[in-house]
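Here's a quick briefing to read with the picture open beside you. Take it one topic at a time, and find each residue on screen as you go.

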Amino acid sequence: MQIIDHSLQPTEEWRPGVLTKMQVSAATDAAALCIFEQWVAPGAGTPSHTHPVEEVLTVLEGRAELWLGDERTTVSTGQSVIVPAGSWHGFRNSGSVTLHMQAILAAPAFEASYKEQLEVITRWATAKA
């Protein structure tokens, strides 16, 4: 049995105002899931992007404006949105306090395509040495 101590995992700034802590991925020897948390400053968020797998976004604390295709909604503490594979989506912190989100992807690595970038971004694709 493998135990992952999340207190030992680093937090990274993915973009201004967005701190991310990867919890489970290929880097922790996961075979089918990628789970991470994000802390998002008011007004910050992620631009439109897509993943080749399904994703579940859960608001652990705060409020987010979330878009999926052309549809926009507000998601609050204790609510989740299922993002179908291949769907363009994104979110921003629409509140006045730090937004705490959890994301679960049905793959062991984070892979995303962004409208403003030509290349696919892949993170946590390999197990630790």
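## Quick briefing

Tryptophan 14 and phenylalanine 36 are both buried. Keep in mind that you're looking at a predicted model. The protein has 12 strands and zero helices, and buried residues make up 43% of its 129 residues.

**The overall layout**

- Walk along the chain from the N terminus and the elements simply read β-β-β-β-β-β-β-β-β-β-β-β.
- Look at contacts between residues at least 6 apart in sequence: 63% of them join residues that are at least 24 apart.
- About 7000 Å² of the protein is exposed, and 55% of that comes from carbon and sulfur atoms.

**The six-stranded sheet**

- Six strands make an open sheet in the order S1-S2-S3-S10-S5-S8, and the pairing is antiparallel.
- At the edges you'll find strand S1 (12–15) and strand S8 (80–83), each of which pairs on one side only.
- On average, neighbouring strands in this sheet are turned by 30° against each other, ignoring direction.
- For one pairing inside the sheet, check out strand S5 (residues 55–61) and strand S10 (residues 99–105): they run antiparallel, and six bridges join them.
- Glutamate 55 sits opposite leucine 105 in S10.

**The nonpolar core**

- The largest nonpolar core holds 24 residues, and Phe36, Leu99, Met101 and Phe110 have the most contacts inside it.
- Elements giving two or more residues to this core are S2, S3, S5, strand S6 (63–68), S8, S10 and strand S11 (110–114).
- Which element gives the most to this core? That's S10, with four residues.
- Zoom in on methionine 101: leaving out residues up to four places away in sequence, methionine 101 touches Phe36, Glu37, Gln38, Leu57, Thr58, Val59, Leu60, Ala64 and Phe91.

**The aromatic rings**

- The count of aromatic pairs comes to three.
- In one of them, the ring centres of tryptophan 14 and phenylalanine 36 are 5.3 Å apart and the planes meet at 40°, so this pair counts as tilted.
- The tryptophan 14 and phenylalanine 36 pair links distant parts of the chain, with tryptophan 14 in strand S1 and phenylalanine 36 in strand S3, 22 residues apart.
- Trp14, Phe36 and Phe110 together form one aromatic cluster.

**The loop between S2 and S3**

- Now hop over to threonine 28, which is in the loop between strand S2 (18–24) and strand S3 (34–40).
- Is threonine 28 buried or exposed? Threonine 28 is buried, because its relative accessible area is 11% and the cut-off for buried is under 20%.
- If you skip neighbours within four places in sequence, threonine 28 is in contact with Gln2, Ile4, Gln9 and Gln23.
- Aspartate 29 lies in the loop between S2 and S3 too.
- Aspartate 29 has a positive phi of about 75°, although it is not a glycine.
- What about cover for aspartate 29? Its relative accessibility is 46%, so aspartate 29 counts as partly exposed.

Key
Residues numbered from 1 in each chain as written. Predicted model: local features only at pLDDT ≥ 70, side-chain atom pairs only at ≥ 80, totals over all residues. Heavy atoms only, no water. Pairing = 2+ DSSP bridges. Axes fitted to C-alpha atoms, helices over the stretch in contact; angles between N-to-C directions. Buried < 20%, exposed > 50% of the residue type's maximum accessible area, 1.4 Å probe, protein only. Contact = heavy atoms within 4.5 Å. Areas by Shrake-Rupley, 256 points an atom, 1.4 Å probe, with all protein chains shown as cover. Core = buried A, V, L, I, M, F, W, Y, C linked by side-chain atoms within 4.5 Å. Phe/Tyr/Trp six-rings, centres within 6.5 Å; stacked < 30°, edge-to-face > 60°.
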